[in-house]
Structure formats: structure tokens, C-alpha cells
Amino acid sequence: MRLTGEETLSANPNKMGAMFRSEEMALCQMFIQPEAAYTSVSELGETGAVQFRDLNSEVNAFQRKFVSEVRRCDEMERKLRYVEAEVKKDNVKIPDIRDELPRAPNPREIIDLEAHLEKTESEILELSQNAVNLKSNYLELTELKHVLERTQGFFFEQEGAVNLDATRNNLIIDDHTNVQARGRLGFVAGVIQREKVPGFERMLWRISRGNVFLRQVELEKPLEDPATGNEIYKTVFAAFFQGEQLKTRIKKVCTGYHASLYPCPSAADEREEMVKGVRTRLEDLNMVLNQTQDHRSRVLSTVAKELPRWRIMVKKMKAIYHTLNLFNMDVTKKCLIGECWVPVLDLPIVQKALSDGSAAVGSTIPSFLNVIETSEQPPTFNRTNKFTRGFQNLIDSYGIASYREANPALYTIITFPFLFGIMFGDLGHGLIMALFGFWMVCGEKKLGAKRSTNEIWNIFFGGRYIIFLMGLFSMYTGFVYNDVFSKSMNIFGSSWSIGHNTSTIMTNKDLTLNPGSSDLDDNVYPIGLDPVWQLASNKIIFLNSYKMKLSIIFGVVHMIFGVCMSVVNHNFFKKRISILLEFLPQIIFLVLLFAYMVFMMFMKWIQYTAKTDYQPNTPGCAPSVLIMFINMMLFKRTPPLHGCDEYMYSFQGSLQRTFVFIALICVPWMLLGKPLYIMFNKKKMAAAHHNGGINQQTETALEPAESAKASGHGGHEDEPISEVFIHQAIHTIEYVLSTVSHTASYLRLWALSLAHAQLSEVLWNMVLSMGLRQSSYKGAIMLYFVFGAWALFTLAILVMMEGLSAFLHTLRLHWVEFMSKFYEGLGYVFQPFSFKLILDADDDFE
């Protein structure tokens, strides 16, 4: 099917949200003229709507058509890296691009850019080499100055030692010339790196057998290495010796240890004159160095302004040529052919990009985009925004959705923070988390522009909307739990009242309030828990029962919703027989057993009350729902207490047995229904093929194309019938067992909620109360430090560690308990050719 510009524009409907399922993809074939190929691919890279396929997978990377252009780009990247390294070495700031990113250069701009980079590299190389030469001369003169200045003391000590030796040995004859002859020593002076001095000294001792007198002094200030700019610490030395042979050996050792030797006159006046000359040369050289550095800084500052643009242009150009290497050349060598996956909604955009690419070079022959039919599995593409991206990443971490199957991310936006809030329910802790998320959401542009390399911070920032919603839902559940840092709020008052006088209350440690008397008001509490439960000694028992039942209720509802979502997949992939043979027995099994248990919880809450005169409906006669469920599954009976009924209603026993029998029937229904249907269909198709009618042959030929969509999700129809039976047996066993294990798994909602509340209460009673109990003025000082410790533990343990724990448990509930009911996750992600994605990936890598 060939689409022209008018056809594609008219075929573009209003874009709906793509969160419900992945977008429809089309496999397209492109026909582009070689002269328009570069600009067309550039336009496609700007749109980011095309994923190209490699049509030259059997061709070596070095034998492809555009390999020389890729090498040119590699060379330009090398030059850019060198220029950037020189800019950073001089601490010149590289400005960010505030305007629109530059587009890929056209062929003429490529030549200009290549020449500009060549000129810039040559200029910086020349400047660097001149600077190295000047710094080398400056280093040599600096070392010579230090040698002349520091050896002055060596010569004074040597002359004094010689005069003293001559005086002591002048016993027989007082011959002045003979004394000078015996006392004259030769010497070499220079500079050596400080870490080499010990080895250098040992080597001189060995070659001279102790006949070398070595004097050394360390330079306090480090010198600069001309090549690298690193600091190097050196030591000035002077080696005194006798004899030319020893002098030759010493020079060889100095060469081996890379010591720099400098001429040093023995006469004091000559040394002073030489020091003056060296200082003058140093001043002149320092002035030249400053001028050279100023010129280098001006050049690098000018280059730094253009460096980001050049880098982006070269990256785009290289990406274009890499993509063009995926194209195939037709037999006439006059057309490039490429294949790509395109979202159907973006076909007009792709067609427009091809037209713009051809118009940019003035090509008279337009580029064509053909949609071709295929039975190949397309990539999965869920169009997201900054809000939904974090939730989609949670789902993609489990597995990329199969093509066009229902996307759990849409429902995760609500269910994930809600289940997290059930476990993390505290109004104070939720407020801290919500404020942190709100701060990241409000400053997302500023914070995102910093491009931090801290991986933990990037994870937090990427999930800023998730954190914000988790904080809001935790505040809501904390309000329902009436829990703020382990304390309750008395907003609506209490439904309980105390009918005792003050003396009775003060003299009795425990008083029991009877809900069947006037101690409890008949009106329903507006919302949440009554604050008086915070003071009750049986608070844990009450909250245990309340939160345990709550977790089972939400868990069963969550699983039923997951099973119902499988209907959406079965209907879309035209596997409506699976609704009858898979969904129906699954939902009946789950509803008749576990939803019935939830129903009994509500019935127990409604039916049994303390304010009744009918004995079987009093709280003491209320049965345990858990024991009732176990008896229901095992067909057992528990004798009731005196005056109580065994069942909540008259026909409960027979109804429960009926439910269990129907649930048991659902097991072989799930186990054998689909395999038998597939086996029957295969026999029917084999018989039709054997008869060989023309119409039947036509239908059979059309069948693979029609069933391609149907086989895209959970299909085992093409397997041998034995494999189908095995797969179905595995799925049936897994589902039946998982209904029990997954229901129990949702008890983690109760466990973590209880643990979080108890930890919060421990921190309040064991830490903060220490400061609040003080009555003297010292209590204010103590409270200051105690509050700091309490705040630290609250943030570190309750908000961060407990928050991470609740997050991971919520993630598990979605991945295993919810998504396993309908989600396959066997697809592969749509990876479009997009300049934005390429540049972002390079920035993250750097």
C-alpha cells in the first residue's frame, strides 16, 4: 500500500492516549534518491518516529557504502575530543546551548566544519607546542637559578673543609701550592626528582666506593611539568669528587636517573654574575609566557562557545551515516531502499519528513513510503509523557509488553501509590514524602538541567511523580488510620464516653468500656478510626483484625481486576473462545471462594453488634472467617458455642458446598477445555485440507495472515497437542495454587502497616518523650537535641528505609499478584532513530 501526502494526512485521526495498550505499528519500505538520502534521514532523526531495520546484516561493517563518511565523522570526533580536553585543561567554561539545538549540517556545511576543525586543531596544537617549549625553557632556567643559589652554601662548606684539612696535615712542609693540589675537588651540580634521590645516592656510593661527597637540598615550591602541567617536587644536588674517570661515571648515573645537570662556575663572583643573567632571562621569558597564555585563552574561549554546537552536529552527522548503512541499494544503483517500523499515527509525520528532505536538496523525484504486510511481531511502543513515564518504567522493568496487549501502567498510576499508602499509612511521614516529591516536580526543569552523575539521585528524580503520589496516598491512608507520627487527631471528637467519676478512673488502671451500653454512641464515625483507640490497651488486637481484613479485601479485588483484564486481551486478539475456556472458570473459581470470603467479612461486620438482645448476633457468637473458610474447603463443621448459631444465615452450609463443588468443576474446565478445543480444530482443519476444495484451499491460505494478530498473545496453537496439554496443565496448577498463595501474599499490606505504626510509636515513646517529660528549664535544652535525634531516625528509618521496603513490596504485588493474571511481557521495545535519544544517551555515558 503506497501512501501519498494527502492520503496519510487524511488517515491521521485524533491522537488518543496510548496508555491503554501499545500503539499500532506498521512495517514500511522507503525508497529514497541517493542525493536526498542524507537530508531525509536527518529529518527522520528530528522526528524520532522511525525504527530502522538492518538490511545489510550479512555485510561486514567495513564494507558498507557509507563507511568512509563514518570514518570522517570519527576523525572529527577525535579532533573535538582533543579540543575539548585542551579547553578543560585551561579551566575554560563551556557554555550550555540555551537556544534550539543545531540541526545536522548539510554537505556544504560538513566541508566547512571539517576545515574549521582542522584549522582549530592545528592552531591549538601549535599553541600547545609553543607553550611546552617556552615552559621547558622556563623550567630549565628556574632549575639553573636554584642550582646557582643553593650550591653557594655547598662551596663555602667545601672551601672551609679543604682549609681545615690543609692545616691539620701541614706537619712536615708548609707548601701552599701542594695543599691546594691535594684539596682541589671536581663537582657536578643539577636537579633530580625528589622520589629518585635515595636510589641515586646509593648508586653514587656503589660506583665510587664512598669517594663521592654528595650534598643536596630540597626545593620547597613544586615545579610545573611543561608537558602535563602536573606539579613535580625536585631536589638540588652537588656531587664532589676527584678524578675525570669518576666524573664520567657520575654523569652516566645522572643520565640514568634523568637528572638535569647544569654548568655551575666554581668562582663566587662568576656564580653571582650568572644568577643575575638567569633572573633577567626568566623575567623576559615569564612575560612571553603570559602573553602566550593570554592568546591561548582567547582562542580557547572563542572555540568553547562553538564547541557544543560542533559536537552535536558531528554526532547527528555520524548517526545519519550509521543509519544509511542500514539501507540497501537497488540493482540500478539509483535508489536507496530501507525498511522501518513506524507508529500508524506517525505515518503523516514520516511522509512529511521525507518530502522535506527531498525538497531541501531540490530533488525532482519524490521519496516513497510503502506500508507492507507482515506476520512478524512488531515492537511495542507506549507513548508517554513526563508524568506517565515513571509508571511505564515500573512495568517495563518486569518485561516489555507483548505487541498491543493491555498495558498495566494505566492502572498502576492509581493502584501502586494506593497499595503503598496502605503499608506506609502515616499522615506525617506521607507529608514529608509528598513535599519531597512536590519539590522535585516544581523544580524539574532546573534540577533536570543539572544532569547529575549520582545514580541514586537520578532514580529519585525519574520517579518524582511516583514519590509525590505515594506521599499523597500515604497522607490519605494515614488520615483514615488517624495516625500522625504515631499520634491521633481529635477532629471529629470521639463516639465513646466515660460514665465513671474521676476517683474511679484514677484508682483503676484498666477500665473496660462496653460498646453495648451508653458508652458508645450509635452514630457512625465520620471517617477513619476513633482517636480513643490510641489510648486503649487492646489497640493492637483491634488494628490487627482491621488491617488484616482490609488487606485481604483489597487483595481479592486487585486480583479479580487482573483476571478481568484478561478479557480485554482475549477480545482484542480475537481469542474469544479463551473467554469461555480460560477466563470464565478462573473468575468463577476466584469469586466463589475468595470473593465469597470477602463477602463474609462484610456480613460479619454488619450482622454482629453489641447493641442487640438477640444472643446469636452478639459479638461473642461472631465466627472466625478464617476457620469458616477452612471448614468450607474441608467440608468440616465446628460446634457453635452455647446460645450461638453455627452459620451466619440459614442456607450457608448448602451454599458453601455448592460453591466448592462448582470451584472444583472449574479445575478440569481450565485443564482440558482449551486443549480439547485445539485438538478438535486441528482435526477439522486436517479433514478440510484433505478434501482439497478450492474454497477451502483459499481459506487455508488466508488463515495465517488472519491469525497473525490472534497468535500474538499467549498462543500455543502451533505446538504439538502433547505440548498444549502440558502447557495448559502448568497454567492450571499455577493459577489454582496462586489464588491461595497470592491472597496470603496480600497480607504483607497488614504486616508492613502494623510494623510501620509500631516503629513510629517506639521512636516517639523511647526518644522524643525523653525531652517532653522534663519539667525544668533543662528540658528545653534537652528537647532540642532529642528532637534532632528523633527527626534523624524518623527520616532515615521510617521514611527512607520503611519507604523503600513498602515500595519493593508494592512492586512485587503488582508484578506477581496482579500482572500474572493477564500480562505476558514478551515483547521488545520500540527504539526509534531519534537525535534526542542519541544525545541524551551520550550525555548519560559521559
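In which helix is Ile 630 found? In this predicted model, the residue belongs to helix α19, which covers residues 625-634. With a relative accessibility of 37%, Ile 630 is classed as partly exposed, because that value falls between the 20% and 50% cut-offs. Together with Leu 626, Ile 627, Met 633 and Leu 634, Ile 630 makes up a nonpolar patch on the surface, with an area of about 440 Å².

A patch of another kind turns up elsewhere on the surface. Asp 269, Glu 270, Glu 272 and Glu 273 form a negative patch. Asp 269 sits in helix α8, which runs over residues 268-324. Is Asp 269 buried or exposed? Its relative accessibility comes to 54%, so Asp 269 counts as exposed.

As for the overall layout, the chain is divided into two assigned domains, each given in two pieces: domain 1 takes in 27-122 and 296-371, while domain 2 takes in 128-162 and 185-291. How many Å separate the centres of domain 1 and domain 2? Taken over C-alpha atoms, the figure is 56 Å.

Salt bridges come next. Searching the whole structure turns up 33 of them. One of these pairs Glu 376 with Arg 53, with 2.8 Å between the closest N and O atoms. This pair ties together distant parts of the chain, since its members are 323 residues apart: Glu 376 lies in the loop between β11 (368-372) and α10, and Arg 53 lies in strand β2, residues 51-53. Glu 376 is partly exposed, at 35% relative accessibility. Arg 53 is also put in the partly exposed class, at 25%.

Other salt bridges stay within a single helix. Glu 75 and Arg 78 meet through their side chains, at 2.7 Å from N to O. How many residues apart are Glu 75 and Arg 78 in helix α3? They are 3 residues apart in this helix (residues 67-89), so about one helical turn separates them. Glu 75 has a relative accessibility of 34% and is partly exposed; Arg 78, at 33%, is partly exposed as well.

Helix α8, already met through Asp 269, holds a salt bridge of its own. Arg 309 pairs with Glu 306, and their closest N and O atoms are 3.1 Å apart. Both residues lie in α8 with a spacing of 3 residues, or about one turn of the helix. Arg 309 is partly exposed at 35% relative accessibility, and Glu 306 is partly exposed at 31%. Salt bridges can also share partners: Glu 86, Lys 89, Asp 90 and Arg 296 are joined in this way into one network.

Now to the backbone. Most residues other than glycine have a negative phi. Against that background, two arginines are worth a look. Arg 209 has a positive phi, near 55 degrees, and its place is the loop between α6 (197-208) and β4 (213-218). Arg 404 has a positive phi too, near 70 degrees, and is placed in the loop between α10 (389-398) and α11 (409-423). Which class of accessibility does each fall into? Arg 209 is exposed, because its relative accessible area is 76%. Arg 404, by contrast, is counted as buried because its relative accessibility is 15%, under the 20% cut-off.

Two C-alpha separations round off the picture. Met 433, in helix α12 (residues 427-442), is buried at 9% relative accessibility. Its C-alpha atom is 6.7 Å from that of Phe 468, although the two residues are 35 apart along the chain. Ser 488 is placed in the loop between α15 (464-481) and α16 (502-507), and counts as partly exposed at 28% relative accessibility. What distance separates the C-alpha atoms of Ser 488 and Phe 793? These atoms are separated by 20 Å, with the residues 305 apart along the chain.

Key. Residues are numbered from 1 along each chain as its sequence is written. This is a predicted model: local features need pLDDT of at least 70, side-chain atom pairs count only at pLDDT 80 or more; totals for chains, interfaces and linings use all residues. Side-chain values use heavy atoms; hydrogens and water are left out. Patches are made of residues with over 30% relative accessible area and no salt bridge: like charges are joined within 9 Å, nonpolar side chains (Val, Leu, Ile, Met, Phe, Trp, Tyr) within 5 Å. Accessible areas come from the Shrake-Rupley method with a 1.4 Å probe; for residues, only the protein chains shown count as cover. A salt bridge is a side-chain nitrogen of Lys or Arg within 4 Å of a carboxyl oxygen of Asp or Glu. Lys and Arg count as positive and Asp and Glu as negative; His and the chain ends are not counted. The place of a charge is taken as NZ of Lys, CZ of Arg, CG of Asp or CD of Glu. Helices (H or I, at least four residues) and strands (E, at least two) are DSSP runs, numbered from the N terminus. Buried means under 20% relative accessible area, exposed over 50%, partly exposed in between (1.4 Å probe, protein chains only). Domain bounds come from an automatic or database domain assignment.
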